[in-house]
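Visitor: I am new to this structure and should be grateful for a guided account of it. May we proceed by question and answer?

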Amino acid sequence: MAVSSIRNPFLLLLLLLTFFTAIIVPATPQPCNSYKFPNKVNYAACKDLPVLESSLHWNYHPSSGAIDVAFNKANVNDSSWVAWAINPTSKGMLGSQAFVAVYRSDGSIKAYTSPITSYATMLQEGNLSFPVYGVSASYTNRHVIIFASFQLPGNTTLVNHAWQEGLVSDDGTLRPHSFSRANLQSFGTLDFLSGKVSQTGGNVDSRITLRKVHGILNTISWGILMPIGVILARYLKVFDGLGPTWFHLHRACQSLAFFIGIAGFGTGLYIGNHYGVHNAPHRCVGITLLCLAIIQVCVAVFLRPKKDHKYRMFWNIFHYLVGYSIIALAIWNVWKGFEILNAQNIWKKTYVGSIISLAIIAMVLEVITWTWVCIKKRVKNPENHVEIVIS
């Protein structure tokens with residue numbers, strides 16, 4: 001009886017520790033060869049892919065050069081799309097032949113093929129460049145599985161492949177995938193015969209570094225220096241004692257911002273052309289900003305009339321409109337860039353704080369300059385005093 005009373009507490013403690021360990025310790029993903037498909041299909045080979053909690057399973061038929069593939073994506077959120085693709089021509093995004101599955105929160109799932117011919121693709125349905133014998137998809141326990149049977153292009157077993165995931169909007173539109181490190185590393189080469197899978201994303205670190213450099217250059221140039229240059233021009237020229245100093249400061253600040261902005265634009269072009277990383281709205285606004293800046297510089301250098309010229313007023317209106325348009329678009333595009341980079345909140349808050357600080361400074365200077373202008377007008381045009389002489 002005494003022994004039983006001693007053992008029971010220890011047994012209870014052991015059970016409690018086992019229970020809490022099972023809850024606290026995260027479950028490790030199952031290896032691909034232990035996964036049981038709901039349709040009881042068995043695959044001769046499989047590989048766990050290095051990112052995005054994915055695995056690839058296949059049966060290769062050497063006599064016909066055909067392949068049966070099952071792409072398994074775990075931990076899929078509601079209303080998501082999943083894609084696996086091979087690229088017969090290159091290692092980039094363009095030319096990829098994709099198998100896509102779209103899962104919606106109502107439980108429906110759709111599978112189809114999509115050739116990727118543009119960086120702005122929305123994964124539209126279309127025929128691939130090689131014969132496809134069948135494509136389907138299933139959703140079970142947060143696993144989306146794409147089943148596909150197709151003819152290997154060029155009768156080669158070594159292919160470039162890529163895989164991705166993204167969210168689906170309420171209206172059914174497929175949203176672009178994230179630009180996180182995992183999403184940028186989800187490509188490589190695969191040999192269906194030997195089963196060798198290699199990740200060709202060794203240049204991902206340099207790509208991420210370039211994207212950070214691109215973001216820093218554009219934030220400093222378009223997002224900070226440009227607004228500062230406008231503030232210098234607007235609020236310093238009213239003080240007569242400064243003379244043309246305001247103009248030299250304005251020109252120096254805007255010129256520096258312009259050349260740094262060109263460097264930032266160049267890094268963006270390089271990233272897009274060499275790595276296939278594009279965001280259509282961000283890119284379009286960036287091109288618009290550069291075009292407006294070039295127009296502004298050319299008009300300021302070659303077409304600026306003298307102060308007493310009759311067309312000076314129209315030049316000023318154009319100069320102000322283009323300048324303030326650049327500032328508004330620049331702030332929006334910098335913020336869009338932070339979203340694309342998945343920047344930490346500290347960077348977003350720092351930039352927002354900088355813009356708010358510049359806005360407060362501008363408002364204070366607005367009051368000061370208007371006060372100063374009113375004082376100057378009173379000094380130049382004093383009221384007529386009437387002397388009354390009493391004899």
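Guide: A residue is called buried under 20% relative accessible area, exposed over 50%, and partly exposed in between, with a 1.4 Å probe and protein chains only. The model is predicted, so local features need pLDDT of at least 70 and side-chain atom pairs count only at pLDDT 80 or more, while totals for chains, interfaces and linings use all residues. Residues are numbered from 1 along each chain as its sequence is written, and side-chain values use heavy atoms, with hydrogens and water left out.

Visitor: Is cysteine 284 buried, partly exposed or exposed?
Guide: The relative accessibility of cysteine 284 is 44%. Because that value lies between the limits of 20% and 50%, cysteine 284 counts as partly exposed.

Visitor: How many helices and strands does the protein have?
Guide: Helices (H or I, at least four residues) and strands (E, at least two) are DSSP runs, numbered from the N terminus. Buried residues make up 38% of the 391 residues in the protein. By the DSSP rule, the protein has 7 helices and 11 strands.

Visitor: Which cysteine does a disulfide join to cysteine 32?
Guide: A disulfide is counted when two cysteine sulfur atoms lie within 2.5 Å, and the structure holds 1. In this link the S to S distance is 2.2 Å. Cysteine 32 lies in the loop between helix H1 (2–24) and strand S1 (45–48), and its partner lies in strand S1, so the pair ties together parts that are 14 residues apart in sequence. The partner is cysteine 46.

Visitor: Is cysteine 32 buried or exposed?
Guide: Cysteine 32 has a relative accessibility of 8%. Since the limit for burial is under 20%, cysteine 32 counts as buried.

Visitor: In which sense do strands S7 and S8 pair?
Guide: Two strands pair if DSSP finds at least two bridges between them. Strand S7 covers residues 132–140 and strand S8 residues 143–151, and 8 bridges join them. They form a hairpin with 2 residues between them, where asparagine 141 in the turn has a positive phi of about 50°. The pairing of S7 and S8 is antiparallel.

Visitor: Which residue in S8 stands opposite valine 135, and is isoleucine 146 buried or exposed?
Guide: Isoleucine 146 is found in strand S8 and, at 2% relative accessibility, counts as buried. Contact means heavy atoms within 4.5 Å; leaving aside neighbours within four places in sequence, isoleucine 146 is in contact with residues including Val69, Trp84, Phe99 and Val135. Its C-alpha atom is separated by 7.3 Å from that of phenylalanine 99, 47 residues apart along the chain. As for valine 135, the residue opposite in S8 is alanine 148.

Visitor: How many salt bridges are there?
Guide: A salt bridge is a side-chain nitrogen of Lys or Arg within 4 Å of a carboxyl oxygen of Asp or Glu. One of them joins glutamate 125 to lysine 110 (3.4 Å, N to O). By this rule the count comes to 3.

Visitor: With which residue does glutamate 165 form a salt bridge?
Guide: The closest N and O atoms of this pair are 3.4 Å apart. Glutamate 165 lies in strand S9 (residues 158–167) and its partner in strand S3 (residues 66–73), so the pair ties together parts that are 92 residues apart in sequence. Glutamate 165 is partly exposed at 26%, whereas the partner counts as buried at 2%. That partner is lysine 73.

Visitor: With which residue does glutamate 366 form a salt bridge?
Guide: Here the closest N and O atoms are 2.9 Å apart. Glutamate 366 lies in helix H7 and its partner in helix H3, 132 residues apart. The partner is arginine 234.

Visitor: Which helix gives the largest share of the nonpolar patch?
Guide: Patches are made of residues with over 30% relative accessible area and no salt bridge, like charges being joined within 9 Å and nonpolar side chains (Val, Leu, Ile, Met, Phe, Trp, Tyr) within 5 Å. This surface patch of about 610 Å² has among its members Trp335, Ile360 and Met363, with areas from the Shrake-Rupley method with a 1.4 Å probe and, for residues, only the protein chains shown as cover. Isoleucine 360 is partly exposed, at 44%. The largest share, 6 residues, comes from helix H7 (residues 345–380).
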